[in-house]
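Biologist: Could you teach me to read a model like this one, feature by feature? I would like the general idea, then the case at hand.

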Amino acid sequence: MSITLENVSRSFDGRKVLHDVNLTLPDKGAVCFFGPSGCGKTTLLRLICGLDKPDAGKVHIPQGTRFSCHFQEDRLLPWYTAEENLRLTGEGIDAEAWLNKVLLPDAAGLYPDELSGGMRRRVSLARALAHPSDVLVLDEPVRELDEATADKMLELIAQSVGNRLLILVTHDRSQAERLGCRVVEFPLDGGAP
């Protein structure tokens with residue numbers, strides 16, 4: 001059973017961000033929410049993940065659906081090292097291997113405030129990719145990374161999706177194409193394909 005949105009609307013301070021959105025996501029594959037800043041992409045992600053509620057309409061999430069999220073903020077726990085933050089994803093996670101995959105082999109014992117913004121971003125990405133889930137949600141995962149590092153992280157994302165549904169938010173259409181995403185254009189008003 002797929003995640004579906006029926007006539008979903010969401011406003012903030014009287015400003016409609018999403019209005020009467022209808023959308024069905026596939027069980028697996030890749031979808032990209034694409035559009036200008038402030039058009040509701042992150043709001044829609046939060047609704048899909050069950051982190052926010054719509055003002056109107058319904059979001060149907062199949063029972064037992066597991067989400068793994070990488071939001072625009074890194075959301076690392078500041079009192080845990082990079083390795084400890086990765087181990088939060090579940091038992092049996094090889095934190096050292098994942099830190100190597102995101103090009104941070106020497107960061108295991110460092111705390112978030114000892115990492116640069118790009119390094120924190122990659123630890124957060126590794127945590128999302130390592131977490132066993134049905135849906136992988138990535139909100140601008142390579143923002144703030146130099147081109148060579150971003151390129152390697154996109155390769156890692158492509159290798160790590162597996163049988164999950166990937167929901168990507170990006171302002172760079174080439175990233176969506178590279179990951180084989182079906183693009184959903186924003187703003188969504190009155191529905192989506």
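Modeller: Gladly! Helices (H or I, at least four residues) and strands (E, at least two) are DSSP runs, numbered from the N terminus. This is a predicted model, in which local features need pLDDT of at least 70 and side-chain atom pairs count only at pLDDT 80 or more, while totals for chains, interfaces and linings use all residues. Residues are numbered from 1 along each chain as its sequence is written, and side-chain values use heavy atoms, leaving out hydrogens and water.

Biologist: Where is Asp20 found, and what is its phi?

Modeller: Asp20 belongs to strand E2 (residues 15–24). Its phi is positive, about 55°, although Asp20 is not a glycine. Arg75, not a glycine either, also has a positive phi of about 55°, but it is found in the loop between strand E5 (67–70) and helix H2 (82–87).

Biologist: Are Asp20 and Arg75 buried or exposed?

Modeller: The cut-offs come first: buried means under 20% relative accessible area, exposed over 50%, and partly exposed in between (1.4 Å probe, protein chains only). Asp20 is partly exposed at 28%, and so is Arg75 at 44%.

Biologist: What does Ser124 touch?

Modeller: Contact means heavy atoms within 4.5 Å. Leaving aside residues up to four places away in sequence, Ser124 touches His70, Asp74 and Leu76. Ser124 lies in helix H4 (residues 117–130) and is buried, with a relative accessible area of 1%. Its C-alpha atom is 7.3 Å from that of Arg75, although the two are 49 residues apart along the chain.

Biologist: How do I read the sheets?

Modeller: Two strands pair if DSSP finds at least two bridges between them. In a regular strand the side chains alternate between the two faces of the sheet. Here, one open sheet has 3 strands in the order E2-E1-E4, with antiparallel pairing. E2 and strand E4 (56–60) stand at the edges with a single partner strand each, so one side of each has no neighbour in the sheet. From one strand to the next, the twist averages 30°. Strand E1 (residues 4–12) is joined to E4 by 4 bridges, and Thr4 has His60 as its bridge partner in E4.

Biologist: Which helix lies across E1, E2 and E4?

Modeller: Axes are lines fitted to C-alpha atoms, for helices over the stretch in contact, and angles run from 0 to 180 degrees between N-to-C directions. Helix H1 (residues 41–48) is the one lying across those strands, running at about 125° to E1.

Biologist: Why is strand E3 described as largely enclosed?

Modeller: Because 5 of the 6 residues of E3 (residues 29–34) are buried, the rest of the structure largely encloses it. E3 runs parallel to strand E7 (residues 165–170), joined by 6 bridges, and also pairs in the parallel sense with strand E8 (residues 182–185) over 4 bridges. Ala30 has Leu166 as its bridge partner in E7, while Cys32 has Val183 in E8.

Biologist: And where does a charge sit over a ring?

Modeller: The rule asks for NZ of Lys or CZ of Arg within 6 Å of the ring centre and within 35 degrees of the ring normal. The charged end of Lys101 sits over the ring of Trp98, 4.1 Å from its centre. Arg173 lies over the face of Phe34, with 4.3 Å to the ring centre.
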